Amino acid sequence: MTLEEMEARIVRYGDLRPCKTAFIDAHTPGSNQKENFTIIGGGVSESPDQHVHIRETPGFNIGAAGQPPKCRNSLHVHRTAEVFFVLKGRWRFFWGRWGNAGEVVLEEGDIINIPTGIFRGFENIGTDYGMIMAILGGDDAGGGVVWAPQVIEDARDHGLVLGSNGKLYDSKKGQSLPEGVAPMALLTDEELKVFPEPTTAEVVPNYVARYWDLMALSDRQPAKVIGADGVLKDRPGFEVEMLSRNSVPEGSYSVDRHEVLMPVRGHWRLTWDGGHTVLNPGDTAAIPPGLKHSLSPSMTGEASLYRVYNTDDAAGATGRLLS
């Protein structure tokens, strides 16, 4: 593989192209400054303006959300896994029909595997622009999201209508629903009863892992973060590990699965037969199956990255190993 071919599989943080109209709350005050990024796969964006960096998916999608302070992402539900780790800033994740069933604050490097089937949102509570990186289960990321009824109503009041076809129409731009396309139906009170309201005591121990704990666990080997035997026990169609300076495999290695590298701290030298490059925090590298390569921190100091593999498990509801 040439350097040019490898670079085509790397999305650099500085090259990320945001979409500010990705979702139905793009005009709603408090949510109208958020930016959505689709890095690998189309994600769940509802906008034709969304740029997709790498379309080929390895069984999961990689994305990101960037938001200034006090900006929030509205309450919605995913059908497959939605995993976030904090790259920059301080973030509050909250859940429940009205967002008041529970909440947790995550710092840089922390990771959360948000349970499927519950309404969730998140907010930048830091003092500067923040970024969270996302892993979404399935090649089609579950086919989209389901919004809390109040989110759809608020959006309509600010000029955005979501069609039953899953596409957004902006009345401020003179757009209207095409003939034969109805507005997205609101969930009824009866339908809303099936959405659980887990407590923080249920969510935090089973779905949240802290950066410094994972760094400690990676002192001699990669720390298994999400997987059947991970800190967060789950099988969402992918596995997540954390590597630090002391747990990098010695020499070159290859795997028969797709491997995605996502640095958190430090700078990482990636070497393969054909070239080498350096990965930086916020970069995403898609390593193809069977490629022999090596990783090593390229400078002294703190170094960490999340490594994601696809598995043979079908993408679907998370938390199946907890029941």
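In this predicted model, the largest nonpolar core brings together 34 residues, and I111, V240 and Y306 have the most contacts inside it. A good way to picture this core is to start from I111. Setting aside neighbours within four places in sequence, I111 is in contact with V83, F84, F85, L106, Y207, V208, A209, L214, V225, I226, V240 and Y306. The list of partners thus takes in V240 and Y306, the two residues named beside I111 for their contacts within the core. A second core, separate from this one, has 23 residues, including L75, V77, F119 and L168. As a general background, nonpolar side chains tend to be buried together in soluble globular proteins.

Stepping back to the whole chain, the secondary structure consists of five helices and 24 strands. The radius of gyration is 20 Å, close to the 20 Å that the globule rule gives for 323 residues, so the chain is as compact as a globular protein of that length. Along the principal axes, the C-alpha atoms fill a box of roughly 60 × 45 × 40 Å. Of the 323 residues, 54% are buried. Contacts also reach across the sequence: among those between residues at least 6 apart, 72% join residues at least 24 apart. The accessible surface of the chain comes to about 14000 Å², with 49% of it belonging to carbon and sulfur atoms. As for charge, the chain carries 31 positive and 42 negative charges, and the mean positions of the two sets are 2 Å apart.

V264 offers a closer look at one strand residue. This valine sits in strand β19, which covers residues 259–265, and has a relative accessible area of 4%; because buried means under 20%, V264 counts as buried. Beyond residues up to four places away in sequence, V264 touches F85, L87, G109, Y211, P281, S304, L305 and Y306. Two of these names, F85 and Y306, also appear among the contacts of I111. The chain separates V264 from A303 by 39 residues, yet their C-alpha atoms are separated by 7.5 Å.

Another buried strand residue is I40, with 1% relative accessibility, in strand β2 (residues 35–40). Its contacts outside the local stretch of up to four places are I54, E56, T57, P58, F60, N61, I62, V260, T284 and A286. By contrast with the V264 and A303 pair, I40 and L186 lie 30 Å apart from C-alpha to C-alpha, with their positions 146 residues apart in sequence. One partner of I40 is T57, which is found in the loop between β3 (52–54) and β4. T57 is partly exposed, its relative accessible area being 22%. With neighbours within four places left out, T57 is in contact with I40, G41 and D139. The C-alpha atoms of T57 and G163 are 26 Å from each other, and the two residues are 106 apart along the chain.

R269 is a partly exposed residue too, at 32% relative accessible area, and belongs to strand β20 (residues 268–272). Leaving out residues up to four places away, R269 touches H276, T277, V278, S294, L295, S296 and S298. From R269 to E123 the C-alpha distance is 33 Å, and the two are 146 residues apart in sequence.

Helix α2 runs over residues 149–157, and P149, Q150, V151, I152 and A155 in this helix are buried. The cover over these buried residues includes β5, β12, β13 (160–162) and α3 (189–192). After α2 comes G159, with a positive phi near 95°.

Two further residues deserve attention for their backbone angles. Most residues other than glycine have a negative phi. K70, however, has a positive phi of about 70° without being a glycine. A141 is another case, with phi near 55°. Both residues are in loops: K70 lies between β4 (60–67) and β5 (72–78), and A141 between β11 (130–137) and β12 (145–147). Are these two residues buried or exposed? K70 is exposed, with a relative accessible area of 72%, whereas A141 is buried at 0%.

Methods: Residues are numbered from 1 along each chain as its sequence is written. This is a predicted model: local features need pLDDT of at least 70, side-chain atom pairs count only at pLDDT 80 or more; totals for chains, interfaces and linings use all residues. Side-chain values use heavy atoms; hydrogens and water are left out. Helices (H or I, at least four residues) and strands (E, at least two) are DSSP runs, numbered from the N terminus. The radius of gyration is taken over C-alpha atoms; the globule rule is 2.2 Å times the number of residues to the power 0.38. Buried means under 20% relative accessible area, exposed over 50%, partly exposed in between (1.4 Å probe, protein chains only). Contact means heavy atoms within 4.5 Å. Accessible areas come from the Shrake-Rupley method with a 1.4 Å probe; for residues, only the protein chains shown count as cover. Lys and Arg count as positive and Asp and Glu as negative; His and the chain ends are not counted. The place of a charge is taken as NZ of Lys, CZ of Arg, CG of Asp or CD of Glu. A nonpolar core is a set of buried Ala, Val, Leu, Ile, Met, Phe, Trp, Tyr and Cys residues joined through side-chain atoms within 4.5 Å.
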